[in-house]
Amino acid sequence: MKTTAKDIGKPKTTNVRVSRKVPKELSLTKFSPSWVVVNGKDAPGFKMELIGKIRQGVKKTDWKQLIQYTGSTEKEFEHILPASISSMQKNTVYNKETSERIYELARLFGLGYEVFDSKEDFKRWLMTPSKTLGNRIPFELLDSSFGFEMVENEIVRIQYNVYS
């Protein structure tokens, strides 16, 4: 299916089949943050579609679904997101900055789930100080784009068994 410029702003509510990682009762909307966790591979138009979704703003329901899928709580992401939990609970659609951070989290969790044996192993790694990250806890670095990049690079190094 080709996406044209006029389609970018239109919501796509297509249920898609995803890998065995997703519980059967969880139906994912194509290009929602949870869908990105499961389908994080770059495909033609993938990044352009995500840019459109970020500009539209992430819906609160999609954020809640991502939280549920990752087995997390909103409180855990409080220091990472550029909006307070109370303002996120009031809004039904988030601004561009918050939406972008949500999609960054989705991509990072997708990569982590791909590299580590389980969701639990990835979350454990995120909460354990890393020597290569200056003995910092990777999760605590996710409040900035540089921190995201450092954590993502470390996951890729683990993926390819390249240790520094």
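This briefing walks through the confidence, the salt bridges and a surface patch of the structure above. Please keep in mind that the model is predicted. Its mean pLDDT is 85 for the protein chain, and 80% of the residues reach 70 or more. Six salt bridges turn up when the whole structure is searched, and three of them are described below, followed by a nonpolar patch that includes Val-162.

**Confidence**

- Residues 1-20 call for some care, since pLDDT stays under 50 over this stretch.
- For those residues, the model has 28 contacts beyond four places in sequence.

**Salt bridge Glu-74 to Lys-64**

- Glu-74 pairs with Lys-64 in a salt bridge whose closest N and O atoms are 3.1 Å apart.
- This pair links distant parts of the chain, with the two positions ten residues apart in numbering: Lys-64 belongs to helix H3 (60-70), while Glu-74 sits in the loop between helix H3 and helix H4 (85-90).
- Glu-74 counts as buried because its relative accessible area is 13%, which is under the 20% cut-off.
- Lys-64, its partner, is partly exposed, at a relative accessible area of 36%.

**Salt bridge Glu-78 to Lys-75**

- A salt bridge also brings together the side chains of Lys-75 and Glu-78, at 2.9 Å from N to O.
- Lys-75 has a relative accessible area of 56% and is therefore exposed, the cut-off for that label being over 50%.
- Glu-78 is partly exposed, with 36% relative accessibility.

**Salt bridge Glu-104 to Arg-101**

- Arg-101 and Glu-104 form a salt bridge too, and their closest N and O atoms lie 2.9 Å apart.
- Both residues belong to helix H5 (residues 96-115); they are three residues apart, so about one helical turn separates them.
- Arg-101 is buried, with a relative accessible area of 14%.
- Glu-104, on the other hand, is partly exposed at 24% relative accessibility.

**Nonpolar surface patch**

- Val-156, Tyr-160 and Val-162 make up a nonpolar patch on the surface, and together they have about 280 Å² of accessible area.
- To find Val-162 in the structure, look at the segment after helix H7 (145-159).
- Val-162 is partly exposed, given its relative accessible area of 46%; it can join a patch because patch residues need over 30% relative accessible area.

Notes. Residues are numbered from 1 along each chain as its sequence is written. Side-chain values use heavy atoms; hydrogens and water are left out. Patches are made of residues with over 30% relative accessible area and no salt bridge: like charges are joined within 9 Å, nonpolar side chains (Val, Leu, Ile, Met, Phe, Trp, Tyr) within 5 Å. Accessible areas come from the Shrake-Rupley method with a 1.4 Å probe; for residues, only the protein chains shown count as cover. A salt bridge is a side-chain nitrogen of Lys or Arg within 4 Å of a carboxyl oxygen of Asp or Glu. Helices (H or I, at least four residues) and strands (E, at least two) are DSSP runs, numbered from the N terminus. Buried means under 20% relative accessible area, exposed over 50%, partly exposed in between (1.4 Å probe, protein chains only). pLDDT is the predictor's confidence in each residue, from 0 to 100. Contact means heavy atoms within 4.5 Å.
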